[in-house]
Amino acid sequence: MTYDIPTMVSEATGVLKSLIAIPSLSRDEEKAADYLQNYIELQGIATGRKGNNVWCLSPMFDLNKPTLLLNSHIDTVKAVNGWRKDPFTPTLESNGKLYGLGSNDAGASVVSLLQVFLQLCRTTQK
């Protein structure tokens with residue numbers, strides 16, 4: 001099996017940029033949860049939700065088999081006074097670094113986990 005790495009990176013980067021652009025300060029991350037739930041469902045995966053917690057199950061989920069949970073948070077803390085860029089404008093610098101509030105903690109984690117999950121769902125369904 002071959003993987004189209006540039007397309008996968010582009011897709012993940014796009015999702016991360018979208019998350020950065022949605023203010024999701026602690027206890028006010030409803031719009032980020034809405035975005036993620038919609039994105040996951042557009043990928044053909046059913047979701048569940050309680051409050052701002054969104055989850056999904058592999059189409060091959062089986063209660064009789066071991067389960068692996070991929071988990072992260074989607075909220076961010078307020079930008080500190082020393083922040084030099086608009087925290088909600090994702091900026092991809094020429095050095096390849098993506099700046100924006102939540103670009104690392106924990107947007108990159110959420111997007112990485114989600115993209116791995118989706119790729120596994122795509123490859124195991126064939």
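Q: What makes the lining of the second largest pocket divide into nonpolar, polar and charged residues?
A: The lining has five nonpolar, five polar and three charged residues. The classes are fixed by residue type: Ala, Val, Leu, Ile, Met, Phe, Trp, Tyr, Cys and Pro count as nonpolar, Asp, Glu, Lys and Arg as charged, and the others, Gly among them, as polar. Of the 13 lining residues, T76, V77, L101, G102 and D105 lie nearest the pocket centre; D105 is therefore charged, V77 and L101 are nonpolar, and T76 and G102 are polar.

Q: What kind of model is this, and which atoms enter its side-chain values?
A: The model is predicted: local features need pLDDT of at least 70, side-chain atom pairs count only at pLDDT 80 or more, and totals for chains, interfaces and linings use all residues. Residues are numbered from 1 along each chain as its sequence is written, and side-chain values use heavy atoms, with hydrogens and water left out.

Q: Why is the largest pocket called a pocket and not a cavity?
A: On a 1 Å grid over the protein atoms alone, a cavity is a set of points where a 1.4 Å probe fits but cannot get out, whereas a pocket is an open set with protein on both sides within 12 Å along at least five of seven lines. The volume, which is the space filled by probe spheres set on points joined across faces, edges and corners, is about 1,100 Å³ for the largest pocket and about 160 Å³ for the second largest.

Q: What makes a residue part of the lining, and which element gives the largest share in the largest pocket?
A: A lining residue has an atom within 4 Å of a point, and 33 residues line the largest pocket, with C56, L68, L69, L70 and F117 nearest its centre. The elements giving two or more residues are α2 (30-42), β2 (53-56) and α3 (107-124); α3 gives the largest share, eight residues. Helices (H or I, at least four residues) and strands (E, at least two) are DSSP runs, numbered from the N terminus.

Q: Why is R27 called buried or exposed?
A: Buried means under 20% relative accessible area, exposed over 50%, and partly exposed in between (1.4 Å probe, protein chains only). R27 has 77% relative accessibility, so R27 counts as exposed. R27 lies in the loop between α1 (5-20) and α2.

Q: What makes the phi of R27 notable, and what kind of peptide bond joins D105 and A106?
A: The phi of R27 is near 70 degrees, a positive value in a residue other than glycine. Between D105 and A106 the peptide bond is cis, with omega about 0 degrees.
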